[in-house]
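Student: Please take me closely through one part of this structure, the largest cavity, and then place it within the protein as a whole. Which residues form its lining?

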Amino acid sequence: LERRLSRHWWARVKLLAETGTVTREDDEDYRYTSAIFHVRRDTRDSYVNPTRGTRIELELAPTGGSYDGSFSGVSSRLTASAYWSPFGVDWLVLAGRYSVGSFFGVDLANIPPTLRFYCGGGGSVRGYAYQAIGPKDRYGDPMGGRSFQDVNLEARFRVSESIGIVPFVDGGMVYSDEYPEFLKDFQWAAGLGLRYYTPIGPIRLDVAVPLDKKDDDSDYQFYISIGQAF
């Protein structure tokens with residue numbers, strides 16, 4: 001259920017129940033139920049190609065269930081993004097986003113993998129494979145964590161009516177601890193994007209390279225999508 005409270009404010013509540021099985025050496029069953037409360041303030045001038053304004057989202061999710069034993073806790077996530085046209089025209093837009101999250105009151109071993117936090121990939125830190133940042137298990141697979149943070153910075157240059165170029169820097173990390181430490185142990189990436197502007201929004205092609213490359217990281221990553229990265 002979602003309701004618009006005023007011109008810039010929205011509130012949403014959602015009930016979610018999930019059950020499944022994680023297969024490694026043995027099958028591990030899990031189930032949980034969450035009540036998700038979400039508040040959003042959005043002053044952007046466009047949803048698909050913002051040039052000014054801000055967007056702030058806070059989500060709290062009391063959750064209970066079982067995975068390697070019973071658990072109950074609260075998952076939280078805060079995301080803030082801002083857009084600024086320093087010269088009052090849209091040929092240059094500076095954009096930034098910061099996200100942070102924590103799962104309170106539960107040991108990592110009791111949190112089902114689908115509820116843990118991850119970093120890496122097109123919606124997070126470009127330049128690394130999907131969910132590749134952070135602790136890994138003995139098989140080399142992402143473990144996820146109890147907390148995370150990531151940051152994205154872009155300079156969006158529009159060189160013609162239909163073409164844009166976007167240099168960007170992304171960084172992030174997943175932590176097994178309940179609380180993240182600001183920018184600690186970040187893995188950074190940098191890249192360059194091409195935008196082709198259409199009536200329904202920009203078509204996006206990004207190429208990024210990891211600046212803190214590990215042995216199992218690729219030299220670069222490609223991303224193709226519709227709309228700006230954030």
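Tutor: The lining of the largest cavity is formed by Asn49, Pro50, Thr51, Asp90, Val93, Arg156, Arg158, Tyr197 and Gln228. The model is a predicted one. By residue type, this lining splits evenly into three nonpolar, three polar and three charged residues. The charged members are Asp90, Arg156 and Arg158, and the polar members are Asn49, Thr51 and Gln228. The space enclosed comes to about 70 Å³. Across the whole structure, the search returns one cavity of 30 Å³ or more. As to the principle behind such a search, empty space left between atoms is revealed by rolling over them a probe the size of a water molecule.

One residue of the lining, Gln228, deserves separate attention. Gln228 lies in the segment that follows strand 11, which spans 221–226. Its relative accessibility is 9%, so Gln228 falls under the 20% cut-off and counts as buried. Setting aside residues up to four places away in sequence, Gln228 touches Val48, Asn49, Glu154, Arg156, Arg195, Tyr197, Pro202 and Arg204. Of these partners, Asn49, Arg156 and Tyr197 also belong to the lining of the cavity. Arg156 falls within strand 7 (147–158), and Tyr197 falls within strand 9 (187–198). Gln228 also comes within 7.9 Å of Ile203, C-alpha to C-alpha, although 25 residues separate the two in sequence.

The cavity should be set beside the largest pocket, which holds about 920 Å³ of space. The pocket is lined by 39 residues, among which Arg77, Arg116, Phe117, Tyr118 and Phe148 lie nearest its centre. Strand 3 (27–42), strand 4 (53–66), strand 5 (70–84), strand 6 (92–104) and strand 7 (147–158) are the elements that each give two or more residues to this lining. Strand 5 supplies the largest share, with six residues. In composition, the pocket lining has 15 nonpolar, 14 polar and 10 charged residues.

Strand 5 also carries Ser75. With a relative accessible area of 16%, Ser75 lies under the 20% cut-off and is therefore buried. Beyond its neighbours within four places in sequence, Ser75 is in contact with Glu59, Leu60, Ala61, Ser102, Phe103 and Phe117. By position, Glu59, Leu60 and Ala61 fall in strand 4 and Ser102 and Phe103 in strand 6, while Phe117 is one of the residues nearest the centre of the pocket.

Three residues in loops complete the local picture. Ala132 sits in the loop between strand 6 and strand 7. Its relative accessibility is 12%, so Ala132 counts as buried despite its place in a loop. Apart from residues up to four places away in sequence, Ala132 touches Cys119, Gly120 and Asp217. The C-alpha atoms of Ala132 and Pro142 are separated by 6.1 Å, with the two residues 10 apart along the chain. Asp68, in the loop between strand 4 and strand 5, counts as exposed, at 61% relative accessibility. The backbone of Asp68 has a positive phi of about 55 degrees although Asp68 is not a glycine. Asp185, in the loop between strand 8 (163–175) and strand 9 (187–198), likewise has a positive phi, near 60 degrees, without being a glycine. For most residues other than glycine, phi is negative.

It remains to place these parts within the protein as a whole. The secondary structure consists of 11 strands and zero helices. The radius of gyration is 19 Å, close to the 17 Å that the globule rule gives for 230 residues, so the protein is as compact as a globular protein of that length. Along the principal axes, the C-alpha atoms fill a box of roughly 55 × 50 × 30 Å. Of the 230 residues, 44% are buried, with Gln228, Ser75 and Ala132 among them. Of the contacts between residues at least 6 apart in sequence, 57% join residues at least 24 apart. Finally, the accessible surface amounts to about 12,300 Å², with 57% of it belonging to carbon and sulfur atoms.

Terms used:
Residues are numbered from 1 along each chain as its sequence is written. This is a predicted model: local features need pLDDT of at least 70, side-chain atom pairs count only at pLDDT 80 or more; totals for chains, interfaces and linings use all residues. Side-chain values use heavy atoms; hydrogens and water are left out. On a 1 Å grid over the protein atoms alone, a cavity is a set of points where a 1.4 Å probe fits but cannot get out, and a pocket is an open set with protein on both sides within 12 Å along at least five of seven lines; lining residues have an atom within 4 Å of a point. Grid points are joined across faces, edges and corners, and a volume is the space filled by probe spheres set on the points. Helices (H or I, at least four residues) and strands (E, at least two) are DSSP runs, numbered from the N terminus. The radius of gyration is taken over C-alpha atoms; the globule rule is 2.2 Å times the number of residues to the power 0.38. Buried means under 20% relative accessible area, exposed over 50%, partly exposed in between (1.4 Å probe, protein chains only). Contact means heavy atoms within 4.5 Å. Accessible areas come from the Shrake-Rupley method with a 1.4 Å probe; for residues, only the protein chains shown count as cover.
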